[in-house]
Amino acid sequence: MSALKICTEVAGTVWKIVAAPGATLAAGQEILIMESMKMEIPVEAPRAGRLVELRVAEGDVLKEGDVVALMD
Amino acid sequence: MGWEKEVDELRERQRLAQQMGGPERVERQHAGGKLTVRERVDQLLDPGSFIEVGSIAGKSRYDEAGNLESLTPASLVIGRGKIDGRNVVVAGDDFTIRGGTNEGSIRDKLTRVETMARDLRLPLVRLVDGSGGGGSAGMMDKDGHSRVPGYLGWDLVVANLNTVPVVGMALGSTAGLGSARVCASHYSVMVKDTSQLFVAGPPVVNRLSAKQYEKNELGGSQIHTRNGAIDDEAESEADAFARARRFLSYLPPSVHELPPRVPCDDPAGRNVDWLIEAIPREDRKVYKMRPIVEAVVDTGSFFEIGRFWGRGVITGFARLDGWPVAVMASDPMHYGGAWTADASRKVARFTQLAQLFHLPIVHLVDIPGFLVGLDAEQTATIRYGVAALTAIQQTKVPWCSVIVRKAYGVAAAGHSNQSRYSVRYCWPSMRAGSLPLEGGIEAAFRAEIAASPDPQAKIAELRERLQRLGSPLRTVEAFAYDEMIDPRETRALLCEFATLVAPMREAGPSTFGYFPL
């Protein structure tokens with residue numbers, strides 16, 4: 001499987017990082033939580049795999065479509 | 001002696017036409033991961049149901065003695081057949097002949113098939129695989145003059161949009177007129193990797209651009225199913241045909257009839273126990289709306305349309321006790337369910353579709369308002385939002401809204417059609433108002449807060465008081481909303497709604513007034 005870019009579907013602030021690089025994720029498992037429109041909106045693994053890299057930190061302000069992580 | 005010789009000659013010509021562009025081009029079509037037009041027609045329709053029209057239309061060459069030397073069929077295969085036993089009309093481009101271009105071929109077939117669908121009042125499926133206008137420079141050379149653009153038959157295309165369900169499928173590289181024929185539809189689908197949609201493809205664009213585009217990069221499904229040009233993306237052509245068949249299953253053959261009910265073995269009174277805890281008590285926590293939709297409609301009946309664009313609103317068809325309905329539901333996972341410009345466009349388009357084919361609308365509402373911020377202003381959110389609200393108020397189909405959580409601001413006025421009686425329910429988790437308390441308190445009580453020796457304490461005090469007043473029990477006590485329900489009983493009430501309003505559905509053409517898109 002090739003590297004999979006994980007993007008945020010909403011603009012906002014990275015509120016909380018949930019998964020650590022190297023973690024094995026199930027499909028639908030939370031990677032991080034964005035704060036947008038005063039709501040906590042999770043960014044989830046679209047499929048099972050390993051979290052290779054986190055590209056953002058808590059407090060970062062992101063645009064819609066920004067890459068937040070890489071999975072293998 | 002009878003007419004066997006002529007029938008034999010007809011069969012021979014049909015055999016020649018079935019060869020399409022010849023073995024080499026058919027091979028090339030397959031090598032590109034694509035089916036031929038005849039394979040597509042066979043896969044789309046019920047087995048053996050295709051009745052072709054113009055089966056030997058094409059360019060024939062005769063020798064001096066009057067014997068047929070060759071026959072190149074028209075690059076458009078048309079006819080009728082059945083989908084799940086119901087009649088439909090099909091038009092399929094043959095890319096193996098002149099790249100599926102229409103203009104260079106027998107143009108009358110194109111208008112004929114649109115006329116057939118309109119006048120037989122049957123759904124039309126366009127299998128588009130080509131560049132549409134095609135070879136304009138070549139045509140000019142042949143004609144000896146230029147042409148003013150005007151698509152022969154566009155009047156029919158437009159008439160069909162108001163008369164019969166139209167499915168537009170992009171099954172290869174579609175550009176110009178080809179892509180217009182895909183988008184001039186009620187449901188459009190393209191196949192991942194093997195189909196593209198362009199105003200103009202890389203050969204034209206790359207001459208004007210420093211960056212050189214590969215075709216999927218310029219017009220692949222990852223672009224057009226995210227911007228709303230195309231409703232859905234299919235994994236394969238087979239998947240695309242399955243989607244087309246499913247889409248049509250909820251609709252009448254034309255606006256002159258009503259959508260059919262199907263037998264249902266899912267009990268209408270089935271309670272859904274987990275819905276009592278579907279909505280988190282903490283305001284900031286989101287939840288997944290799709291499982292809620294799937295739980296309340298007839299099992300397995302939800303067909304989502306436009307999954308990847310306007311994502312704050314989920315739209316699709318479903319059945320309730322066998323009755324087909326149009327479902328809209330907020331998706332809090334996307335900006336908390338706020339209406340963006342795209343979500344508003346999606347609502348307007350979907351509302352129009354439901355009205356056109358007489359589908360009652362069920363709306364599961366969690367709308368915190370329009371999206372706010374600079375992006376929202378730059379994308380003209382209020383303009384498209386107003387279009388959506390105007391479209392909703394102009395519908396004549398029955399509505400049922402269930403406010404499951406938030407209903408704030410102007411956008412939430414679109415929870416139902418307020419121009420007529422709508423069935424209106426809310427869950428105990430409803431929170432409603434013109435502004436959420438956050439920010440709303442500061443705006444409404446500015447003077448009071450400023451005059452207070454401890455403004456923060458004042459805000460906290462006001463918040464606590466207003467939160468108590470925000471209980472939906474108080475709202476329904478004041479009859480400011482119709483009825484609060486136990487979420488577990490939602491399915492039973494929606495099924496009751498669908499049965500109740502079935503006789504209110506009225507067949508016939510729809511007239512929509514202006515809505516400011």
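Here is a walk through the structure, one selection at a time. Keep in mind that the model is predicted.

**Stop 1: all of chain B**

Select chain B and zoom out. Its C-alpha trace spans about 105 × 55 × 40 Å along the principal axes. Switch to a cartoon view and you'll find 20 helices and 19 strands in chain B. Of the 517 residues in chain B, 45% are buried. Take the contacts in chain B between residues at least 6 apart in sequence: 73% of them join residues at least 24 apart.

Now colour by domain. Chain B is split into domain 1 (34–55 + 74–249), domain 2 (273–430 + 481–502) and domain 3 (434–470). Try a distance between the centres of two of them: the C-alpha centres of domain 1 and domain 3 of chain B are 58 Å apart.

**Stop 2: the largest nonpolar core**

Next, go inside. The largest nonpolar core holds 136 residues, and B:V90, B:M169 and B:A244 have the most contacts inside it. Why does this core lie between domain 1 and domain 2 of chain B? Both domains give residues to the core, so it sits between them. As a bit of background, nonpolar side chains tend to be buried together in soluble globular proteins.

Click on B:M169 and show what surrounds it. Not counting neighbours within four places in sequence, B:M169 is in contact with B:V125, B:R126, B:L127, B:V128, B:V182, B:V189, B:A240 and B:A244.

**Stop 3: strand β7 of chain B**

Stay here and select residues 166–170 of chain B, which make up strand β7. Is this strand mostly covered or in the open? Mostly covered: five of its five residues are buried. In a regular strand, side chains alternate between the two faces of the sheet. Here both faces are covered, with B:V166, B:G168 and B:A170 buried on one side and B:V167 and B:M169 buried on the other.

Now add the partners of β7(B):

- Strand β6 (residues 124–128) of chain B runs parallel to β7(B), and five bridges join them. Look for B:R126 opposite B:G168.
- Strand β9 (residues 187–191) of chain B also runs parallel to β7(B), joined by four bridges. Here B:V167 stands opposite B:Y187.

**Stop 4: strand β17 of chain B**

Move along to residues 423–426 of chain B, strand β17, which is parallel to strand β16 (residues 399–408) and joined to it by four bridges. The bridge partner of B:V402 in β17(B) is B:Y425. Keep B:Y425 selected, since it also stands opposite B:E483 in β19(B). That strand, β19 (residues 483–484) of chain B, pairs with β17(B) in the parallel sense over two bridges.

**Stop 5: two loop residues and a helix**

Select B:L435, in the loop between β18 (431–433) and α16 (437–444) of chain B. B:L435 is partly exposed, with 14 other C-beta atoms within 10 Å. B:L435 and B:G409 are 26 residues apart in sequence, but their C-alpha atoms are 5.7 Å apart in space. Leaving out residues up to four places away in sequence, B:L435 touches B:Y408, B:G409, B:G440 and B:A443.

Now jump to B:R307, in the loop between β12 (303–304) and β13 (313–320) of chain B. B:R307 is partly exposed too, with 16 other C-beta atoms within 10 Å. Draw a line from B:R307 to B:G153: they are 154 residues apart along the chain, and their C-alpha atoms are 31 Å apart.

Then select helix α18 (residues 455–469) of chain B. At 1.5 Å a residue, its 15 residues should span 21 Å, and its end C-alpha atoms are 21 Å apart, which agrees. How many residues of α18(B) are buried? Zero, so this helix lies largely in the open.

**Stop 6: chain A and the contact**

Last, switch to chain A. Four of its strands form an open sheet in the order β1-β8-β6-β3, with antiparallel pairing. At the edges are β1 (4–7) and β3 (24–25) of chain A, each pairing on one side only. Look at strands β6 (residues 49–54) and β8 (residues 67–71) of chain A, which pair over three bridges in the antiparallel sense. In β8(A), A:L70 is the bridge partner of A:E53.

Finally, show both chains together. The contact takes nine residues from chain A and 13 from chain B. Strand β5 (residues 39–44) of chain A gives the largest share of the chain A side, three residues. By type, the chain A side has five nonpolar, one polar and three charged residues.

Terms used:
Residues are numbered from 1 along each chain as its sequence is written. Chains are lettered from A and ligands numbered from 1 in the order in which they are written. This is a predicted model: local features need pLDDT of at least 70, side-chain atom pairs count only at pLDDT 80 or more; totals for chains, interfaces and linings use all residues. Two residues are in contact if their C-beta atoms, placed from the backbone, lie within 7 Å. Ala, Val, Leu, Ile, Met, Phe, Trp, Tyr, Cys and Pro count as nonpolar, Asp, Glu, Lys and Arg as charged, and the others, Gly among them, as polar. A nonpolar core is a set of buried Ala, Val, Leu, Ile, Met, Phe, Trp, Tyr and Cys residues joined through C-beta atoms within 7 Å. A residue is buried if 20 or more other C-beta atoms lie within 10 Å of its own, exposed if 12 or fewer, and partly exposed in between; C-beta atoms are placed from the backbone. Domain bounds come from an automatic or database domain assignment. The expected span of a helix is 1.5 Å times one less than its number of residues. Two strands pair if DSSP finds at least two bridges between them.
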